[in-house]
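Please walk through this chain with its charged side chains, one buried serine, a small sheet and a helix in view.

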Amino acid sequence: MRREAIYSIYFVILTCFNGCVQPFEVDFPENDRILVISGVLTNADKTHYVNISYTRSLNDDVETPIAIDAEVSVEDEFGNSVSYLKEGNGRFISPVGFKAEIGVKYQLKVLHEGQLFVSSQVELVTPTEIDNLHWGPKDVIDSELEQVVHGAQFFIDSEESQNKYFRYEWEGTHLILPPFAATHEVIERRIVEIDFVPSPCYSTGYSNKLLLATSTGLSQPRVLDVPVHFIAETDSKLRHAYSLLVRQYSLTESAYNYYKQLKDNNESSGSFFDAQQGSIVGNIRNESDPESLVLGYFEVSGETSKRRKFTRGADFMSLIATAPFPFYCGEIIVCDESGECGDITEGGTPADAIENITLGYADYIYQLDTSGMPPTAFIQRRGCTDCSYYASTDTPDFWYE
C-alpha cells in the first residue's frame, strides 16, 4: 500500500479521536480517497444500516462531503437478496421487517461507481442474553481534567453461553425537572398562560466509543462486571432518574479481533510518526479490482438488550452527591436609573414582570399570585423554567415500565 494512502488513513483516525492537534506542515504526495463501508445486521426487529464514506486526504483544504450513489443489498447463503434503501449522506437502511436468522450466513454487496464490493459470508450465532445490568460507585481518572472523579459506573453481566466475544452500545435517558416550572409568558406586553408543556423533560445520550468484552481465559463461560458507561457525580444526569438501555452483540472471533485492533489503534496516544500498527483489514473486498484498498467491516451479530431505571432515592442517594442544576437559577440583579439594585425574582407586580421580561432580564413567570393586593409575579430565566427548548417533553414509552 502506498505511503501516502497510509498517512491518509491515520490522519482520519487521529482527527476523529483526538479532536485537536498542533498544526504542522508536511508536503505529502497527492493521494486518493479510500472507500469505507461498514454495516451491522442482527436478529433484532429494527432498522439496520450500511454506511458508505471516504477517508479524507491530508491535502484536502476543506472537508467536502462526497455524494454516495450505490446499490446496497444483503444476500443470504440460499441466494435470497434484500435491497437497502438510500437514506442520504452515505447511509442505506434495510426495509421494514428484515432481520437476520440464527444459523444463516449473510453477505453484504455494494455496487458503487461500476465496481462491486462484497463482504465475507458471516453466520449469525445464537445471541447471548444479558443477565444483569447494575451499577456501583467508582473513582476514575479523568484524562481531560487530570484528576480523580467520583461517580456511578454501570456494568453488564451476561448469561452463560458458548459465545466468547461481545460488543456493547448504550442509550441513556435522564429526567430533567427545572427548579421553577413556567406557568405564564408575556406576549405583546400582556401576561398569558403558556400553551405548551414546559416540564418535565427527557434527554437521551448515546455511546460513541467501541465497548468490547471477551470471556476468553475466564474460569466460567460468561462475562461479569463489564464496564459499559460511567457518569460523574457532577453530571446533572443523576439528579433525579436515569434509564439505561444496553445492547449486547455476540460477535465472531474475526469481528472481535477487527474491533479490538481498531480500538487499540484509535486509543493510541503515540506520536503521528511513531511506528504504526499497519492498515486494519476488514472483511470487505473489491471484487472488481482485488488490488485496490477498501476499508470497513460487515458485522452479523446476535443482539440482546436490557433496560433498567435508576433513581436518586433508590440508588444514588447515599453514594452519589446531587449535582447542581446545569443553569444558574439564583438572583437576577437589576439596577434602575438611580443606581438602586435589587433581585427581580423575589416577586413584583405583574407590571414589573411585564417590564423585566420585555427588557430581557427574565423569560417566564413561574408563579402568579392574584390572591393579594397588589398581585405578585415571580419570574426566572428560560433555562430554569422551561426545559422544552433543549430536551423533549414527550414521556418515553419505557419510562414507567
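Contact, in what follows, means that heavy atoms lie within 4.5 Å of each other. The model is a predicted one, and that should be kept in mind for each value given here.

With that meaning of contact, we can begin at Ser 250, which lies in strand 18 and is buried, its relative accessible area being 0%. Leaving aside its neighbours within four places in sequence, Ser 250 is in contact with Val 125, Thr 126, Pro 127 and Thr 128, with Asn 163, Tyr 165 and Phe 166, and with Ser 301 and Gly 302. One of these residues, Thr 128, has its backbone nitrogen 3.2 Å from a polar atom of the Ser 250 side chain.

Strand 18, which spans residues 241-250, also carries Arg 247, and this leads to the charged pairs. Arg 247 and Glu 303 meet through their side chains in a salt bridge, with 3.4 Å from N to O. The two residues are 56 apart in the chain, Glu 303 belonging to strand 20, so that the pair links distant parts. Both Glu 303 and Arg 247 are buried.

What else does Glu 303 form a salt bridge with? A second salt bridge of Glu 303 is made with Lys 46, where the closest N and O atoms are 2.9 Å apart. Here the separation along the chain is 257 residues, since Lys 46 sits in the loop between strand 1 (35-42) and strand 2 (49-54), while Glu 303 is in strand 20 (residues 294-311). The two partners differ in how they are placed with respect to the surface: Lys 46 is partly exposed, with a relative accessible area of 30%, whereas Glu 303, at 8% relative accessibility, counts as buried because the limit for that term is 20%. Lys 46, Arg 247 and Glu 303 belong, together with Glu 171, to a network of salt bridges.

Strand 20 also contributes Glu 299, whose salt bridge with Arg 167 has its closest N and O atoms 3.0 Å apart. Because Arg 167 lies in strand 12 (residues 165-176) and Glu 299 in strand 20, this pair ties together parts that are 132 residues apart in sequence. Arg 167 and Glu 299 are both buried. In total, the count of salt bridges comes to 13.

We turn next to a sheet. Three strands form an open sheet in the order 10-11-17, with antiparallel pairing. Strand 10 (130-142) and strand 17 (226-232) stand at the edges and have a single partner strand each, which means that one side of each is left without a neighbour in the sheet. On average, and with direction ignored, neighbouring strands of this sheet are turned by 25 degrees against each other. Between strand 11 (residues 147-158) and strand 17, which run antiparallel, there are 6 bridges, and Gly 151 has Ala 232 of strand 17 as its bridge partner.

The last stop is helix 4, which comprises residues 350-358 and whose buried residues are Ala 353, Ile 354, Asn 356 and Ile 357. What covers these buried residues? The cover includes strand 13 (184-187) and strand 14 (190-193), and also strand 23 (364-369) and strand 24 (376-380). Helix 4 is followed by Gly 360, a residue with a positive phi near 90 degrees.

Methods
Residues are numbered from 1 along each chain as its sequence is written. This is a predicted model: local features need pLDDT of at least 70, side-chain atom pairs count only at pLDDT 80 or more; totals for chains, interfaces and linings use all residues. Side-chain values use heavy atoms; hydrogens and water are left out. A salt bridge is a side-chain nitrogen of Lys or Arg within 4 Å of a carboxyl oxygen of Asp or Glu. Helices (H or I, at least four residues) and strands (E, at least two) are DSSP runs, numbered from the N terminus. Buried means under 20% relative accessible area, exposed over 50%, partly exposed in between (1.4 Å probe, protein chains only). A polar contact is a pair of N or O atoms within 3.5 Å; within protein, one must be able to donate a hydrogen and the other to accept it, and residues adjacent in sequence count only if both atoms are side-chain atoms. Two strands pair if DSSP finds at least two bridges between them. Axes are lines fitted to C-alpha atoms, for helices over the stretch in contact, and angles run from 0 to 180 degrees between N-to-C directions.
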